[in-house]
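Trainee: Could we go through this model together and check each term against its cut-off?

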Amino acid sequence: MARASVASVLRTVTATRYVTPFREGGSLPGLMEADDLGTYVVKYVGAGQGRKTLVAEIICAGLARAVGLRVPELVLVEVDPELGRSEPDEEVQDLLKASGGLNLGMDFLPGSLGFDPLAHRIDPGEAATVVWFDALVGNVDRSWRNPNMLMWHRQLWLIDHGACLTFHHAWSRAGSWAEKPYDTGNHVLRDMATADVSPTLTQDQVQAAVADVPNLWLEDEEGFDSPGAVREAYVEQILRRLAR
Ligand SMILES: Nc1ncnc2c1ncn2[C@@H]1O[C@H](COP(=O)(O)OP(=O)(O)OP(=O)(O)O)[C@@H](O)[C@H]1O
Ligand SMILES: [Mg+2]
């Protein structure tokens with residue numbers, strides 16, 4: 001197999017202002033402004049599952065885009081914990097303190113609405129592609145209660161893929177993940193996904209999605225001797241599941 005490239009192509013920006021925490025997000029992401037004048041939803045490297053959540057976000061965004069779905073732009077955000085000094089919430093303070101350096105930012109979509117299956121209609125082919133994609137990455141976070149999709153300018157945008165690709169929490173058992181059936185029972189788009197679709201992903205596309213992860217978040221992974229080896233393992237797992 002050709003070796004996946006090692007340099008992330010995600011842009012790096014520096015946070016200049018901490019605006020507010022997103023209370024509706026379980027991981028307490030923060031809204032921040034950056035030196036490129038952009039506004040980003042920042043997910044912290046020091047939160048709960050740590051960097052693996054961020055790795056899953058990056059790889060899934062790349063895979064989703066490769067099959068034509070929309071995900072807001074991702075950037076790497078340099079965060080100085082001092083930025084949050086006026087934030088009164090202690091939990092947020094602790095998160096920021098644990099997250100100095102590179103974090104993951106997602107372009108903030110101003111005025112977007114949380115997807116509501118009773119209010120929003122989407123194309124059956126697009127709905128079926130989302131279900132297909134969620135089955136590929138093992139996404140359990142697309143339920144009625146927590147759809148993790150936004151409507152913005154009448155288009156559907158996918159967010160929050162941090163809980164996907166769970167095999168990376170136990171590499172030694174990763175093989176069984178690839179075989180695991182996906183339960184669409186709670187999927188919010190189940191009834192809208194009435195079209196037959198057969199999206200394709202090439203090995204190059206999978207490698208490109210994995211290449212977006214910065215080396216820093218793949219270093220010192222137990223059982224691997226280099227970030228490149230971890231990349232290859234991600235590509236292999238995803239290709240194995242694709243082949244199913
Ligand atoms: N790019 C964005 N533009 C606008 N709003 C966003 C964006 N990303 C996230 N949000 C808002 O922030 C909330 C939390 O984001 P997200 O679901 O990614 O965080 P989380 O902590 O992983 O949440 P969860 O509780 O689902 O695990 C979303 O439900 C949405 O309301
Ligand atoms: Mg969410």
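Mentor: Happily; here are the ground rules, then the metal site and the strands. This is a predicted model, where local features need pLDDT of at least 70, side-chain atom pairs count only at pLDDT 80 or more, and totals for chains, interfaces and linings use all residues. Residues are numbered from 1 along each chain as its sequence is written, chains are lettered from A and ligands numbered from 1 in the order in which they are written, and side-chain values use heavy atoms, with hydrogens and water left out.

Trainee: What makes N148 and D160 protein donors of the magnesium ion (ligand 2)?

Mentor: Donors are N, O and S atoms within 2.8 Å of the metal (3.2 Å for Na, K and Ca); water is not among the atoms, so sites may look incomplete. N148 (OD1) and D160 (OD) lie 2.1 to 2.2 Å from the ion, so they qualify as donors. N148 sits in the loop between α3 (124-137) and β7 (149-152), and D160 in the loop between β8 (155-158) and α4 (174-179), so the pair ties together parts 12 residues apart in sequence. Helices (H or I, at least four residues) and strands (E, at least two) are DSSP runs, numbered from the N terminus.

Trainee: Why is N148 called buried?

Mentor: Its relative accessibility is 9%, and buried means under 20% relative accessible area (exposed is over 50%, partly exposed in between; 1.4 Å probe, protein chains only). N148 therefore counts as buried.

Trainee: How do you know that β7 and β8 pair?

Mentor: Two strands pair if DSSP finds at least two bridges between them. β7 and β8 have 4 bridges, in the antiparallel sense, so they count as paired. L150 stands opposite W157 in β8.
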